[in-house]
Structure formats: C-alpha cells, structure tokens
Amino acid sequence: PEKQFFMSNTFWMGTQFFGPEKGFYEFQAILQQGKFVMIGGMDSMWRLNGRALKMLYKGIIGKFNFQMSPNERIPDNFVTKLDVAGSDYTLALEATGLGDSVQISYLQKLLPGFSLGAQYVFVPSYLMTPVNVAAHYKWKGTILTLSATRMGPKQYQVSTNYARKVDKNFTVAAELNMGQRMSSSVGVKYDFKNETKSRYQASFDSELTSSVAYSEELIPGVRVGYCGSIAHSKNEAMFGMQFSTGEA
C-alpha cells in the first residue's frame, strides 16, 4: 500500500500550561500506510506521546494511545480502545492504564433514523461511576441528540445537540449543556467534494472562544489537519495539528 508521511511543528501559546512557560513547542510525525496510521511526537517539556490506529477487519478498528513525561505532575498513561460497527449498532470498549478505568459504550438502532445508547465508566478507585444514556434521531438532513449523565450523588448533566444539513456541502449546528454549569456553542461545517474530502469547520461558544479547523481524510473515518482557537476573554491562542477518528 502507498505510504504517506507528514511532519508538523506546533507552537502553543497561553497561560494554562504547567510551570512558568507561557507556551511551548511540539514536533509531530504521522505515518499512514493502507489501513494503518501512527503518530508520534515530543514537546519542549520532554513529553513523549504516540497514537496508533489499525483497521483490523471490516467495521472493527483498534486504537492505542500513550504519554510519557519526566514531570511528576503529568503522570504516564496509555489507553487501548476497540471500536466495532455493525449494520444496526456500534460498540466501543476502552481501558485506561492497567485497569485504572474501563469504559463501555453501546448504540442500537431501533427504528429508521432513531437510536438509543448507553455509556458506563467503571473506575475502581471511586464508589460512584458516571452513567450516560442518549437518544439519537436523524431524518432528512437533521440530526438531534439528547443525552443525560449521572456524574455522582445529585450531580447530573443534560446535553442537546442539533445539526442541520443546509445543502450537500454546508452544515450548521448548535449545542446546549445544562448541569452545575450551563454552556452553549454554535458551529458550521463545509465539506468539499474532492478526492481528499477536505473539510472546513468553525465554532463559537458561550465562553467567548472561537475555533477553526481544516482537515483531509487519510482513510475512511480518519482525518488529519490543522486547527486553531482563540479564547477572547483570556486573551489566549492555540494553534496545532489535529487527528480525529469517526464520522462527524
């Protein structure tokens, strides 16, 4: 299979980082061959991270992420994940560390355009574990998702997501989250009908943060590109490279 190799140099700026640094530099390399994608990178804080994705069989994708750092405040971590997509269901299994947490997600199609799903996160070190239920409705270019999450005793989060495909290329969307804090956002997406399925996305939220992104498809369900955001209320900006899996 044909190989593709990318390199990126990213400068992060802001005040949300550990230590006295107001930003840092990160180098990343991406290798794609057939149905295999691998990303590795290191930043100026000597954090080493990597991600690998492999399409094992039709509808089954395996993923692995890891992070290693000499800074004791940033613990080493690794995550393994398996995504399974059937004709009328999707199943995701995710494990963090050596059993530090296990997450199970399942979505079942019940009627044309209507699905119900649930997500359970098991954390042995906590007595309470988050439980999420969701309903997904899709009809003639309109997508509506309602979800409710029980975070703990008397702690709940309710989310509403709405997307409308205006034409074959252009989509608008909105999101509302209600819980201990309320937040909202609006966004747009434009898909080009070219060979690499290029995509532009932009969003603005109630925290006065605006974001833009440009991506291209490497293999079905895997995209790579560039992104940036500005937190206007904090006068902070971030620019980098993005890697995403799944359809949106």
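**Figure 1. Ring pairs join four aromatic residues into a cluster.** In this close-up, look for Tyr190, Phe192, Tyr200 and Tyr214, which ring pairs link into a cluster. As you explore this and the other views, keep in mind that the model is predicted. How many aromatic pairs does the structure hold? There are 6 of them, and the next two views show one each.

**Figure 2. Phe64 and Phe78 form a tilted pair of rings.** The ring centres of Phe64 and Phe78 lie 6.3 Å apart, and their planes meet at 35°, so this pair is called tilted. The word fits because planes under 30 degrees apart would count as stacked and planes over 60 as edge-to-face. Now find where each ring sits: Phe64 belongs to strand 5 and Phe78 to strand 6 (residues 77-85), so the pair ties together parts that are 14 residues apart in sequence. Are these two rings buried, exposed or something in between? Phe64 has a relative accessibility of 33% and counts as partly exposed. Phe78, at 32%, is partly exposed too.

**Figure 3. Tyr89 and Tyr106 form a stacked pair.** Here the two rings are 6.1 Å apart from centre to centre, with 20° between their planes, and the pair is stacked. This pair also links distant parts of the chain: Tyr89 is in strand 7 (residues 89-96) and Tyr106 in strand 8 (residues 101-111), 17 residues apart. Tyr89 is partly exposed, at 30% relative accessibility. Tyr106 is partly exposed as well, with a relative accessible area of 38%.

**Figure 4. Lys63 meets Asp83 through a polar contact.** Start by finding Lys63 in strand 5 (residues 60-68). Is this lysine buried or exposed? Lys63 has a relative accessible area of 16%, so it counts as buried, since the cut-off for buried is under 20%. Next, follow the side chain of Lys63 to that of Asp83: a polar contact of 2.8 Å joins the two.

**Figure 5. Val79 and its surroundings.** Val79 is a residue of strand 6. With a relative accessible area of 17%, Val79 is buried. Which residues does Val79 touch, once its neighbours within four places in sequence are left aside? The contacts of Val79 are with Lys63, Phe64, Asn65, Glu94, Ala95 and Thr96. You have already seen Lys63 in its polar contact with Asp83, and Phe64 in its tilted ring pair with Phe78. You can also look from Val79 across to Val102: these residues are 23 apart along the chain, and their C-alpha atoms are separated by 9.8 Å.

**Figure 6. Strand 10 pairs with strand 9 and with strand 11.** Strand 9 (residues 114-122) and strand 10 (residues 131-139) pair in the antiparallel sense over 7 bridges. Strand 10 also pairs with strand 11 (residues 142-152), again antiparallel, this time over 9 bridges. Val133 is a handy place to see both pairings. Val133 in strand 10 is the bridge partner of Ala118, and Val133 also stands opposite Ala148 in strand 11.

**Figure 7. Two lysines in loops have a positive phi.** Strand 10 and strand 11 form a hairpin with 2 residues between them. Which residue in the turn has a positive phi? Lys140 does, with a value of about 45°, even though Lys140 is a residue other than glycine. Lys140 is exposed, at 63% relative accessibility. Now move to Lys197, in the loop between strand 14 (183-191) and strand 15 (199-205). Lys197 is not a glycine either, yet its phi is positive, at about 50°. At 45% relative accessibility, Lys197 is partly exposed.

**Figure 8. Stepping back to the whole chain.** The secondary structure of the chain comes to 18 strands and 0 helices. Its radius of gyration is 19 Å, close to the 18 Å that the globule rule gives for 248 residues, so the chain is as compact as a globular protein of that length. Along the principal axes, the C-alpha atoms fill a box of roughly 50 × 50 × 40 Å. Buried residues make up 31% of the 248 residues. The chain exposes about 15,900 Å², and carbon and sulfur atoms supply 63% of that area. Among contacts between residues at least 6 apart in sequence, 18% join residues at least 24 apart.

Definitions and conventions:
Residues are numbered from 1 along each chain as its sequence is written. This is a predicted model: local features need pLDDT of at least 70, side-chain atom pairs count only at pLDDT 80 or more; totals for chains, interfaces and linings use all residues. Side-chain values use heavy atoms; hydrogens and water are left out. Two strands pair if DSSP finds at least two bridges between them. Helices (H or I, at least four residues) and strands (E, at least two) are DSSP runs, numbered from the N terminus. Buried means under 20% relative accessible area, exposed over 50%, partly exposed in between (1.4 Å probe, protein chains only). A polar contact is a pair of N or O atoms within 3.5 Å; within protein, one must be able to donate a hydrogen and the other to accept it, and residues adjacent in sequence count only if both atoms are side-chain atoms. Rings of Phe, Tyr and Trp (its six-membered ring) pair if their centres lie within 6.5 Å; planes under 30 degrees apart count as stacked, over 60 as edge-to-face and the rest as tilted. Contact means heavy atoms within 4.5 Å. The radius of gyration is taken over C-alpha atoms; the globule rule is 2.2 Å times the number of residues to the power 0.38. Accessible areas come from the Shrake-Rupley method with a 1.4 Å probe; for residues, only the protein chains shown count as cover.
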